[in-house]
Amino acid sequence: MESTLLEIELDSNVSARALLGRESENLKALERLFHVRVHSRGNQLAIEGPEADSAAARRVVMLLSSLIQKGYTLMEGDLERLVEVYRARGEEGVRQIYGDEVYLTGQSLKITPRSLAQKTYVEAIRGHDVVFGIGPAGTGKTYLAMAMALSLLRSGRVHRLALTRPAIEAGERLGFLPGDILEKVNPYLRPLYDALHDMVEFEKARKMVEKGIIEVAPLAFMRGRTLNDTFVILDEAQNTTPEQMKMFLTRLGNNSKAVITGDVTQIDLPDPKRSGLIQAEQILRGVNGLAIVWFTDRDVVRHPLVQEIIRAYERHERAAAGLDRPVPTVPGEPGMASPGSTAGTAPPSPGDASREDPS
């Protein structure tokens with residue numbers, strides 16, 4: 001097959017370093033994904049390989065360069081996800097997803113979707129008052145919900161932000177921890193604070209909490225309340241009971257949004273089949289004004305090894321359960337969630353839903 005050599009001159013050496021990644025990991029990924037050879041020198045790249053592959057690799061490089069120039073921070077594993085989007089949706093699809101600025105932090109960090117499912121999730125939150133985000137850890141479910149909440153808070157669309165979790169923890173019991181109830185639950189709520197502090201300066205976030213603009217509390221504290229003009233996030237929802245889930249969903253007041261996130265493979269309840277998240281997904285599927293978005297290991301945006309760890313555990317657990325067939329998927333590629341629809345991967349079978357947290 002005839003080989004073609006295409007040369008690219010990037011805008012600056014800074015752009016070239018950001019594009020190539022640590023130890024040229026993105027350059028190596030580009031070679032692997034497109035079956036080409038890539039040579040770099042300063043801000044110049046040369047792509048050598050079959051004509052169609054070289055041309056496609058060049059278009060991806062130019063797209064990445066354009067995103068970096070606009071302030072996008074290229075993270076480990078982003079190139080593979082971007083190529084997946086490019087192959088499914090073309091150049092315009094890449095621009096629509098990676099150019100979608102969900103929130104701009106005080107440190108000028110742009111938070112954007114990083115996969116097809118994440119884009120579906122963001123659009124679902126924009127278009128629905130109740131959204132379920134279900135899938136493995138590290139897929140950005142809580143992080144993107146937080147970014148959307150802060151964006152709507154900044155624009156005045158909502159006036160308060162409430163963050164909550166059920167007080168069920170992996171292998172521990174709150175009664176054995178020192179202090180009063182607030183001191184007991186505060187460490188358990190720390191992941192919500194971590195996401196918040198990633199996007200809002202610590203002192204500003206502290207003042208917003210003091211003023212009641214942002215509330216971080218265990219789920220039990222939501223009972224009996226009506227949440228008006230509020231964006232409320234229920235995290236770790238797989239650990240709610242059916243009664244708790246119903247209680248939470250009926251707290252929603254006027255001009256409010258609720259996002260419920262969870263992973264049905266990491267249930268810490270004594271009876272995993274009693275998960276309020278599993279029951280809610282089954283009962284509410286098809287309800288107008290509500291969307292359910294499913295994530296898979298392909299959407300994990302943490303260290304690339306996290307994807308492989310999740311896949312290895314899933315293979316082991318499915319083999320142990322005697323499930324040798326693949327998990328079914330909703331027909332078609334992930335798309336915008338419509339009222340009462342689900343998007344992404346279908347839920348695991350009942351045998352999978354009882355899997356314990358591997359940690």
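## The β1-β3-β2 sheet

Strands β2 and β3 (residues 44-50) run antiparallel and are joined by five bridges. One residue to look up here is Arg 37, whose bridge partner in β3 is Glu 48. Keep in mind while browsing that this is a predicted model.

Zooming out a bit, the open sheet has three strands in the order β1-β3-β2, with antiparallel pairing. The edges belong to β1 (3-9) and β2 (37-41): each has a single partner strand, so one side of each has no neighbour in the sheet. On average, neighbouring strands of this sheet are turned by 15° against each other, ignoring direction. Helix α3 (residues 51-69) lies across β1 and β3, and α3 runs at about 150° to β3.

## Ser 40 in β2

What does Ser 40 touch once its neighbours within four places in sequence are left aside? The contacts are Leu 20, Leu 27 and Leu 45. Ser 40 sits in strand β2 and counts as partly exposed, because its relative accessibility is 38% and the partly exposed class runs from 20% to 50%.

There's also a spacing to note with Arg 17: the C-alpha atoms of Ser 40 and Arg 17 are 10.0 Å apart, with the two positions 23 residues apart along the chain.

## Rings and a charge

The structure has two aromatic pairs. Take Tyr 72 and Tyr 98: the ring centres are 5.7 Å apart and the planes meet at 75°, which is over the 60 degree cut-off, so this pair is edge-to-face. Tyr 72 is in the loop between α3 and α4 (78-98), while Tyr 98 is in helix α4, so the pair ties together parts 26 residues apart in sequence. Are these two tyrosines buried or exposed? Both Tyr 72 and Tyr 98 are buried.

Tyr 121 and Phe 295 also form an edge-to-face pair, with 5.2 Å centre to centre and 80° between the planes. Tyr 121 belongs to helix α5 and Phe 295 to the loop between β11 (290-294) and α12 (304-320), so this pair links parts that are 174 residues apart in sequence. Tyr 121 and Phe 295 are both buried.

A charge sits over a ring as well: Arg 87 lies over the face of Phe 34, at 5.0 Å from the ring centre.

## Helix α5

The helix that carries Tyr 121 spans residues 116-127, twelve in all. From first C-alpha to last, α5 reaches 17 Å, close to the 16 Å expected at 1.5 Å a residue.

How many of the twelve residues of α5 are buried? Nine are, so to speak, tucked away, and the helix is mostly covered. Among the buried ones are Leu 116, Ala 117, Val 122, Ala 124 and Ile 125, but also Gln 118, Lys 119 and Thr 120.

## Strand β9 and its partners

Strand β9 (residues 230-234) is largely enclosed by the rest of the structure, because five of its five residues are buried. Its side chains split two ways: Thr 230, Val 232 and Leu 234 point one way, Phe 231 and Ile 233 the other, and all are buried.

Which way does β9 pair with its partners, parallel or antiparallel? Strand β7 (residues 160-165) and β9 run parallel, joined by five bridges, and Leu 163 stands opposite Ile 233 in β9. The pairing of β9 with strand β10 (residues 257-262) is parallel too, over four bridges; there, Leu 234 stands opposite Ile 260 in β10.

Note on methods: Residues are numbered from 1 along each chain as its sequence is written. This is a predicted model: local features need pLDDT of at least 70, side-chain atom pairs count only at pLDDT 80 or more; totals for chains, interfaces and linings use all residues. Side-chain values use heavy atoms; hydrogens and water are left out. The expected span of a helix is 1.5 Å times one less than its number of residues. Buried means under 20% relative accessible area, exposed over 50%, partly exposed in between (1.4 Å probe, protein chains only). Two strands pair if DSSP finds at least two bridges between them. Axes are lines fitted to C-alpha atoms, for helices over the stretch in contact, and angles run from 0 to 180 degrees between N-to-C directions. Contact means heavy atoms within 4.5 Å. Rings of Phe, Tyr and Trp (its six-membered ring) pair if their centres lie within 6.5 Å; planes under 30 degrees apart count as stacked, over 60 as edge-to-face and the rest as tilted. A charge sits over a ring if NZ of Lys or CZ of Arg is within 6 Å of the ring centre and within 35 degrees of the ring normal.
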